[in-house]
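The exercises below are meant to be worked with the model open beside the text. Attempt each task before reading the solution that follows.

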Amino acid sequence: MKKIIVSILALFAFAFANGQAKEGQVSKGKWLIEANTGFGRNVGTTAMHFSSSDGITSYNIGAEGGYFIKDNLALKLGLGYGEIDGNGEPIAYKIGAKYYLKTMIPIELSYNGVGFGSADANPTYVGTQIGYALFLGKNISIEPGIRYNIATHKQYYDNSLQLNIGFALHF
């Protein structure tokens, strides 16, 4: 057991030492394209999501893109498409900003939602997310994170917590 724990710690230390942005991936003028997986309640998300519970199936596919307006700060837009039990065709959207603290801790603030049905009943959220960016090479990072969404229409929807694993391409 002791060898397993030491091996895991060594792996994390190696990943931490070698997995940092060293080649300007988060520099001004660079582009970011990412796809996220969403675990938790699927709320106005541009993440990849599939769930089936109590005979109701829902899915969502989407992606996000961003442009670094200055070092470590990207403005982002995202779009997604999904269905809930074959009904409706909600289009998810996101607009926000992502800041890489010390080039490895992405912090995001965004406005996201889904458009379907009556406009005043559409779910919209102000969300914040924090995670860790593990750079696997010059252009690829994996970014696990935790996100909290604050509902703007509390009469229809609740706040929610999500866990995400993001896969990002840096150009």
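Two strands are taken to pair if DSSP finds at least two bridges between them, and the strands themselves (E, at least two residues), like the helices (H or I, at least four residues), are DSSP runs numbered from the N terminus. This is a predicted model, in which local features need pLDDT of at least 70 and side-chain atom pairs count only at pLDDT 80 or more, while totals for chains, interfaces and linings use all residues. Residues are numbered from 1 along each chain as its sequence is written, and side-chain values use heavy atoms, with hydrogens and water left out.

**Exercise 1. The chain as a whole**

Task: describe the secondary structure of the chain and the share of its residues that count as buried.

Solution. Begin with the secondary structure, which comes to 1 helix and 10 strands, arranged along the sequence in the pattern α-β-β-β-β-β-β-β-β-β-β. Next consider burial, where buried means under 20% relative accessible area, exposed over 50%, and partly exposed in between (1.4 Å probe, protein chains only); by this criterion 37% of the 171 residues count as buried. Finally, take contacts, defined as heavy atoms within 4.5 Å: of those in the chain with a separation of 6 or more, 51% are between residues 24 or more positions apart.

**Exercise 2. The partners of strand S9**

Task: with which strands does S9 pair, and in what sense?

Solution. Start with strand S10 (residues 160-170), which pairs with S9 in the antiparallel sense over 10 bridges; within this pairing, Ile140 has Leu169 of S10 as its bridge partner. Turn then to strand S7 (residues 124-131), which runs antiparallel to S9 and is joined to S9 by 7 bridges, with Gln129 standing opposite Arg147. Strand S8 (residues 134-135) is likewise paired with S9 in the antiparallel sense, over 2 bridges, and here Phe135 stands opposite Ser141. The connection from S8 to S9 is a hairpin through 4 residues.

**Exercise 3. The two faces of S9**

Task: which side chains of S9 point to the buried face?

Solution. Recall first that in a regular strand the side chains alternate between the two faces of the sheet. Applied to S9 (residues 140-151), this alternation places Ser141, Glu143, Gly145, Arg147, Asn149 and Ala151 on one face, where they are buried, whereas Ile140, Ile142, Pro144, Ile146, Tyr148 and Ile150 point to the other and are not buried.

**Exercise 4. Two polar residues of S10**

Task: which side chains make polar contacts with Asn164 and His170?

Solution. A polar contact is a pair of N or O atoms within 3.5 Å; within protein, one must be able to donate a hydrogen and the other to accept it, and residues adjacent in sequence count only if both atoms are side-chain atoms. Asn164, which lies in S10, counts as buried because its relative accessibility is 6%, and its side chain has a polar contact of 3.1 Å with that of Gln129. Beyond its neighbours within four places in sequence, Asn164 is also in contact with residues including Thr37, Phe39, Glu143 and Arg147.

His170 is placed in S10 too and, at 2% relative accessibility, is buried; its side chain is joined to that of Ser141 by a polar contact of 3.0 Å. Not counting residues up to four places away in sequence, the residues that His170 touches include Val26, Leu32, Tyr100 and Phe135.

**Exercise 5. The largest nonpolar core**

Task: which residues make up the largest nonpolar core?

Solution. Use the criterion that a nonpolar core is a set of buried Ala, Val, Leu, Ile, Met, Phe, Trp, Tyr and Cys residues joined through side-chain atoms within 4.5 Å. The largest such core has 8 residues in all, namely Val26, Leu32, Phe68, Ala74, Tyr100, Ala133, Phe135 and Ala168. Then follow Val26, whose contacts outside its neighbours within four places in sequence include Phe68, Tyr100, Phe135 and His170.

**Exercise 6. An aromatic pair**

Task: how are the rings of Trp31 and Tyr67 arranged?

Solution. Rings of Phe, Tyr and Trp (its six-membered ring) pair if their centres lie within 6.5 Å, with planes under 30 degrees apart counting as stacked, over 60 as edge-to-face and the rest as tilted. The whole structure contains 3 aromatic pairs. One of them joins Trp31 and Tyr67, at 4.7 Å centre to centre and with 55° between the planes, and is tilted. This pair links distant parts of the chain, since Trp31 lies in strand S1 (residues 31-40) and Tyr67 in strand S3 (residues 56-70), 36 residues apart. Tyr67 itself counts as partly exposed, at 33% relative accessibility.
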